[in-house]
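Please work through the following exercises with the sequence and the model open beside you. Each one sets a task and then gives a solution in steps.

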Amino acid sequence: MPRPRAGLAHSSRGQVVLCRFRVGLPLPRDEKNSTPARWFHPLFHSRRMLEVDIPLIVKEVSCIETVRLYAELSLELEALVGELEDTAVAIIRQARGDFSFSNLGRASTPLLQAMAEKHEKLLNAVKTVTSIEDKLGCISSQRPQWTRLMMAVDSRVEKALAILKPQAMSDHRAILASLGWPPSLSSSNVEKDKSYETPNPLSLMQGEKKDVYSQSFLILCSLQQLFIQREERKLDPLEYHQRYKSTNCSDFSRSSHLGSGLWSIDELVHPIASRMEHHFHKWSNQPKFIFALVYKITRDFMDGVDHVLQPLVDKARFMGSSVREAWVAAMVKILIDYLEKEAFPVLVERYEIRDGNLLADASWLHLVDLMITFDKKMRALAISGMPCVESFLELEGMSLSLSIFSVFVEHSDWLRIWAEIELDDANDKLNPELESQKSWSISTHQQALSQVEEAELFLLSNIEDFRALPIADSVVKIAWNMVERAFLLPAKMMKVQFIRSSVIVFLNNFFHILAQRCHNGGSSCANMDVDALLRLAGSINVARYLVSVLRQWSEDFRFLEMSQCDSKNEDQTGSFFNDETMRLVKLDTDFLEVAMSSILLQFDDLCWDYINYLEQWGREQLDLQESVVDEQSLCVSSSFVRALDMLKDHLYVLKLNLNSIDFLDLWRSIADGLDHFIFNSIALGVVKFTDIGVNQYKYDMRALFQIFSAFCSKPESFFPRTHESMKLLTLDKKDVANVLNMVPENGKRKELFLQSKGVFHVTIDQAKKILRKKTF
């Protein structure tokens, strides 16, 4: 039993409480009479015991129990800490002796025994600290007010661990050196022979060497678990308590601490990194060899990591730790350090002083391409043989340590420069497409498909269904290429920053070009020719297709996650591309309004003579047979033919070149506009209708309806006012008199009468005005 340490178990509070222990309770005395008679009444005595005496006794007993528990824990912790300190002193004394691992394979029995004794002492120290942590965990969860006791224990344990950790590290490094670690790195083999494999000392370990290394490895893993457990307890006692109750103390999950790596893996990587520095400096102008070397070393040693180190980690019960992932992350960290210190500072300097020189941009993009290829290959190494893990690597916490792009985490200015370079490169790729006439022309294949269609398609799924111009496909491919690069970034905020600085700017620039192309067509809305109409239809299709693409992108779970942390989406209810989608929808609507206005204005212009030729509606019949002859020999009014031809030609062109959804909205809007125009200009105009004029009006309107019969089975349904005005003009004298002679109080009756004649969209006043124009 080690000697007790002064100070740990000392408690003035405990001494005071022990001195306060009393055998009995004094009876209270009355101020006037020391022994009043009511004190001896049985009911009064029972009530006092229940209300006063018993609660005081319970309180005192509880206080005594607390002091006893405090004293017992203090003594137990005193003994454990004392044992830990004695072990640390013994390890220091042994380390001062002659202890060499240089001839480990031919080590003598005393040396092996000394090594075994030292490892045994380290393991005992680890077990002791584990016991201390168990007790401190219970105190932290059940008696958090005992802070001074925990602080005293933590202070002494930290001093002991400050001795144990360096000793374990130095012994582990010496063992690695005796094993021939790190192996030699041959640059010539890396450059010339890609199939050459570096010999792996981990796989070549045998006998005593393997036993000594395994023991040292287990000690490092156990020490790291202790450090993690202590950090968890200090940072969040409540969370620690929940984990402590739900699982064994030695089986804590360490998945949240994988970003810091495994100490034992770091000890393997540090000497490799030192040897790689020479090759890194030699290949500073050929970074592809640097990436190839790091990948080659990572791959060549993977078998030893899986078959030698992973079983040791499992034996140490380091739950949630993948040695393969830790090995890959540590090797990636080597390259990240090089890029952060050597590569990117040079590229940033070149970019800032480039003065129009594109070599800096090309070097930057070349390095990023190498990083992308390297990142994919290293991730494949990390998850190979681990099913159902790839999806989890998309999570921010898991991918940070594995991603080479974490070099941008601490350098947002580098990320901004990269986004600017990507934007410039995207614009350079798009400019030839913008200047090519083929990019703005609908393909003959799409036109052929539209001609053979028997039914309209309103569920658009691909670019052919949208009849979008080839330029739209080019824009989508270029933008998505930048999006895929953004997805490689390990943090959501970094992805948002990159996409906002590159992809969004690129799309908005194209939206501006699309709008300018229609506005600068050279034709006004009133005299838009077929070429201008085709250009407008193409822009509408592009806008509609891009809306569909952006909405599809926004449904991707990666964009859904980014929309939650996007500063431009404060309410967290809109999609990531909400602003861009709304801008495209507005462009689409504006383009449709331009097309509709152009056709209606041209129709109005061509119908000027037709509308203002009032005599055609008021012609009188010469004899009784003329009405019969007119019905058989009527033809469309000559002044109306040009307007109908223009309308038919324009709608045919739009049907062939406009997507089905927008064309449906367009022809219905045009029909509604024509219905208002004709109804107000003719039916409600200052004209008088004879029977011949009514027949001519009906024939002309049927010709108008016939144009829209190609798009629907009952075109007159889309001209409700015009169609109902024809019904009103064909009423006989009796029905007309019934309507005109009704008093205002019978308005409801007149409505029912009009509805019985199939008139629903014309008001009573409008119906009376139309009927007064009819002459019999």
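**Exercise 1. Determine how many helices and strands the chain has, and what share of its residues is buried.**

The model is a predicted one, and its chain holds 32 helices and 0 strands. Turning to accessibility, buried residues account for 47% of the 776 residues in the chain. As a last step, consider the contacts between residues at least 6 apart in sequence: of these, 80% join residues that are at least 24 apart.

**Exercise 2. Describe the largest nonpolar core, and state which helix gives the most to it.**

Begin with the membership: the largest nonpolar core has 193 residues, and those touching the most other members are Tyr-213, Leu-309, Trp-327, Leu-339, Phe-408, Phe-510 and Phe-708. The helix that gives the most to this core is α12, with 18 residues. Another core lies apart from it and has 31 residues, including Leu-77, Ile-139, Leu-149 and Leu-220.

Next, follow one member outward: when neighbours within four places in sequence are left aside, Phe-510 is in contact with Leu-430, Leu-434, Trp-440, Ile-471, Val-475, Val-542 and Leu-546. As general background, nonpolar side chains in soluble globular proteins tend to be buried together.

**Exercise 3. Classify the packing of α12 against α15 from the angle between their axes, and list the residues that meet.**

In the first step, take the geometry: α12 (residues 323-352) and α15 (residues 412-435) pack at about 55°, and their axes are 11 Å apart. In the second step, apply the cut-offs, by which angles under 35 degrees count as roughly parallel and those from 65 to 115 as roughly perpendicular; α12 and α15 are therefore oblique to each other. The crossing of these two helices is left-handed.

In the third step, read off the contact: Glu-340, Phe-344, Pro-345, Val-348 and Tyr-351 of α12 meet Trp-414, Ile-417, Glu-420 and Ile-421 of α15. Sorted by class, this contact has 7 nonpolar, no polar and 2 charged residues.

**Exercise 4. Carry out the analysis for α20 with α21 and for α23 with α26, giving the handedness of each crossing.**

For the pair α20 (residues 503-519) and α21 (residues 530-554), the axes come within 9 Å and cross at roughly 160°. Angles over 145 degrees count as roughly antiparallel, and α20 and α21 are therefore roughly antiparallel to each other. Their crossing is left-handed. Leu-507, Phe-510, Phe-511, Leu-514, Arg-517 and Cys-518 in α20 meet a set of residues in α21, among them Arg-535, Leu-536, Val-542 and Leu-546. By class, the residues of this contact are 10 nonpolar, 1 polar and 2 charged.

For the pair α23 (residues 578-606) and α26 (residues 638-657), the angle is about 165° and the axes are 8 Å apart, which makes α23 roughly antiparallel to α26. Here the crossing is right-handed. On the α23 side the contact is made by Ile-599, Gln-602, Phe-603 and Leu-606, and on the α26 side the residues include Phe-640, Leu-644, Leu-647 and His-650. The classes in this contact are 9 nonpolar, 3 polar and 1 charged.

**Exercise 5. Decide whether Ala-479 and Arg-583 are buried or partly exposed, and find what each one contacts.**

Ala-479 lies in α18, and with a relative accessible area of 0% it is buried. Its C-alpha atom is 8.6 Å from that of Ser-502, a residue 23 positions away along the chain. Beyond its neighbours within four places in sequence, Ala-479 is in contact with Val-503, Phe-506, Leu-507 and Trp-553.

Arg-583, found in α23, has a relative accessible area of 34% and is partly exposed. Arg-583 and Ala-543 are 40 residues apart in sequence, and their C-alpha atoms are 9.4 Å apart. With neighbours within four places in sequence again set aside, Arg-583 is in contact with Asn-508, Phe-511 and His-512.

**Exercise 6. Examine the backbone at Pro-182 and at Arg-467, and place each residue in its loop.**

The peptide bond from Trp-181 to Pro-182 is cis, with omega near 5°, and Pro-182 belongs to the loop between α4 (147-178) and α5 (187-192). Arg-467 has a phi near 55°, a positive value in a residue other than glycine. Arg-467 sits in the loop between α17 (463-466) and α18 (470-487), and at 5% relative accessibility it counts as buried.

How values were computed. Residues are numbered from 1 along each chain as its sequence is written. This is a predicted model: local features need pLDDT of at least 70, side-chain atom pairs count only at pLDDT 80 or more; totals for chains, interfaces and linings use all residues. Side-chain values use heavy atoms; hydrogens and water are left out. Axes are lines fitted to C-alpha atoms, for helices over the stretch in contact, and angles run from 0 to 180 degrees between N-to-C directions. Helices (H or I, at least four residues) and strands (E, at least two) are DSSP runs, numbered from the N terminus. A crossing is left-handed if the near helix is turned anticlockwise from the far one by less than a right angle, and right-handed if clockwise. Contact means heavy atoms within 4.5 Å. Ala, Val, Leu, Ile, Met, Phe, Trp, Tyr, Cys and Pro count as nonpolar, Asp, Glu, Lys and Arg as charged, and the others, Gly among them, as polar. A nonpolar core is a set of buried Ala, Val, Leu, Ile, Met, Phe, Trp, Tyr and Cys residues joined through side-chain atoms within 4.5 Å. Buried means under 20% relative accessible area, exposed over 50%, partly exposed in between (1.4 Å probe, protein chains only).
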